Amino acid sequence: MDLGSSEAETLERTPGGPEGTGPAEKPRSLWSDAWRDLRRNPVFIISGLVILFLVVISIWPGLITSQSPLQCDLAKAQEGSQPGHPFGFDGQGCDVYTRTVYGTRISISVGVLATLGVAILGSLLGGLAGFYGGISDSLLSRLTDIFFAIPVVLGGLVLLSVVTSNTIWPVVGFMVLLGWPQISRIARGSVITTKQNDYVQAARALGASNSRLMLRHITPNAVAPVIVVATIALGTYISLEATLSYLGVGLKPPTVSWGIDISSASAYIRQAPHMLLWPAGALAITVLAFIMLGDAVRDALDPKLR
């Protein structure tokens with residue numbers, strides 16, 4: 001056998017090249033590097049576990065409580081902790097522990113739905129404006145300025161005060177209506193920056209259509225800032241729902257909500273502080289967990305920290 005052909009066959013069979021150092025390592029992407037960093041970040045692990053627990057009990061509250069949040073006994077109103085009722089009772093004699101558990105479902109649902117709506121609407125409008133520019137970009141900029149001028153709480157008091165529905169959809173719709181401008185500006189700036197990169201210009205020079213440029217080249221590389229802002233905003237929307245419910249314009253009884261329970265307990269803060277502390281504590285932990293998760297994701301996706 002010819003020596004040259006024998007050496008060539010050997011190199012083909014040897015993984016990794018002539019020295020046999022193993023298979024060539026796959027090129028790493030922003031997302032793979034981010035996931036590697038997140039797995040090593042204790043803040044991400046702790047907040048992720050807390051959020052996972054909250055999601056599980058919001059879907060299956062019966063896993064940790066067998067009582068109904070609407071089952072009340074006025075004879076036990078404002079009483080403290082008892083066997084089988086570790087958080088005591090509220091002003092109507094309802095079990096505070098059960099209502100705190102079931103309140104997780106409403107808060108998580110409102111936060112997730114509002115975040116999805118804001119992210120989709122804001123990304124779509126901001127991405128298109130940043131990609132095409134011109135008149136559409138100018139109109140979007142002026143429109144976002146108008147919405148930014150509306151105080152969120154005051155807007156909620158005005159818009160939701162005329163709503164009589166007991167469902168979460170009016171509250172979610174209000175959050176999407178006033179929340180999309182922030183995401184749209186983030187998406188617009190990210191798209192403008194990304195479309196100037198060399199690989200986008202090369203794809204355009206090769207004849208790629210606008211839809212292909214947006215879907216294959218720009219969106220995957222411009223979506224990271226939107227994900228970071230949306231993750232942090234989720235905790236803000238949960239807090240906003242509780243604030244609106246506390247003010248009486250958000251969710252309304254008999255819906256079980258932390259904001260409603262905090263509002264009802266505020267009048268008895270001196271006689272029965274446990275009625276306020278437990279739902280307020282659950283709200284604070286939930287909001288903090290999502291903010292910590294967003295901070296961890298931001299650090300992992302920020303190229304300046306690499």
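A crossing of two helices is called right-handed if the near helix is turned clockwise from the far one by less than a right angle. Keep that idea in mind, as helix 4 passes helix 9 in just such a right-handed crossing. The model shown here is predicted, and the legends below walk through several close-up views of it.

**Figure 1. The whole chain is built from helices.** Let us start with the overall picture. The protein has 12 helices and 0 strands. Reading from the N terminus, the elements follow one another as α-α-α-α-α-α-α-α-α-α-α-α. How many of the 306 residues count as buried? The share is 41%. Among contacts in the protein with a separation of 6 or more, 68% are between residues 24 or more positions apart.

**Figure 2. Helix 4 meets helix 9.** Here we return to the pair from the opening. The two helices pack at an angle of about 115°, and their axes are 12 Å apart. On the helix 4 side, look for Gly-127, Phe-131 and Tyr-132. Their partners in helix 9 are Asn-210, Leu-213, Met-214 and Ile-218. Sorted by class, this contact between helix 4 and helix 9 holds 5 nonpolar residues, 2 polar ones and no charged ones.

**Figure 3. Helix 9 also packs against helix 7.** Helix 9 covers residues 210–222, and helix 7 covers residues 169–194. Their axes lie 9 Å apart, at an angle of about 125°. Is this pair roughly parallel, roughly antiparallel, roughly perpendicular or oblique? Angles of 65 to 115 degrees count as roughly perpendicular and those over 145 as roughly antiparallel, and helix 7 and helix 9 are therefore oblique to each other. Their crossing is right-handed. Ser-190, Val-191 and Thr-194 of helix 7 touch His-217, Ile-218, Asn-221 and Ala-222 of helix 9. In this contact there are 3 nonpolar residues, 4 polar residues and no charged residues.

**Figure 4. A closer look at Ser-190 in helix 7.** Ser-190 belongs to helix 7. Is Ser-190 buried or exposed? Its relative accessibility is 10%, so Ser-190 counts as buried. Setting aside residues up to four places away in sequence, Ser-190 touches Ala-222 and Pro-225. Ala-222 is also one of the helix 9 residues that meet helix 7.

**Figure 5. Helix 4 runs beside helix 12.** Helix 4 spans residues 96–132, while helix 12 spans residues 274–301. They pack at an angle of about 30°, with 10 Å between their axes. The crossing of helix 4 and helix 12 is right-handed. Which residues come together here? From helix 4 come Val-96, Thr-100 and Ile-108. From helix 12 come His-274, Trp-278, Pro-279, Ala-282, Thr-286 and Phe-290. The contact of helix 4 with helix 12 includes 6 nonpolar and 3 polar residues, but no charged ones.

**Figure 6. Asp-261 sits in helix 11.** Helix 11 is made of residues 258–265, and Asp-261 is one of them. With a relative accessibility of 11%, Asp-261 counts as buried. Who are its neighbours, once residues up to four places away in sequence are left out? Asp-261 touches Arg-99 and Pro-279. You have met Pro-279 before, among the helix 12 residues that contact helix 4.

**Figure 7. A disulfide joins Cys-72 and Cys-94.** A disulfide is a covalent bond between the sulfur atoms of two cysteines. The count for this model is 1 disulfide. Cys-72 and Cys-94 form it, with their sulfur atoms 1.7 Å apart. The angle about the S-S bond is 70°, and the link is right-handed. Both Cys-72 and Cys-94 lie in the loop between helix 3 and helix 4, so the pair ties together parts that are 22 residues apart in sequence. Cys-72 is partly exposed, at 37% relative accessibility, whereas Cys-94 is buried, with a relative accessible area of 4%.

**Figure 8. Gly-80 in the loop between helix 3 and helix 4.** Gly-80 is found in the loop between helix 3 and helix 4. This glycine is partly exposed, as its relative accessible area is 34%. How far apart are Gly-80 and Ala-272 in sequence and in space? They are 192 residues apart in sequence and 7.5 Å apart in space, C-alpha to C-alpha. Apart from neighbours within four places in sequence, Gly-80 is in contact with Gly-88, Phe-89 and His-274. His-274 also appeared in Figure 5, where it is one of the helix 12 residues that meet helix 4.

Notes:
Residues numbered from 1 in each chain as written. Predicted model: local features only at pLDDT ≥ 70, side-chain atom pairs only at ≥ 80, totals over all residues. Heavy atoms only, no water. Axes fitted to C-alpha atoms, helices over the stretch in contact; angles between N-to-C directions. Helix = DSSP H or I, 4+ residues; strand = E, 2+ residues; numbered from the N terminus. Parallel < 35°, antiparallel > 145°, perpendicular 65-115°, else oblique. Contact = heavy atoms within 4.5 Å. Nonpolar A, V, L, I, M, F, W, Y, C, P; charged D, E, K, R; others polar. Disulfide = S-S within 2.5 Å. Buried < 20%, exposed > 50% of the residue type's maximum accessible area, 1.4 Å probe, protein only.
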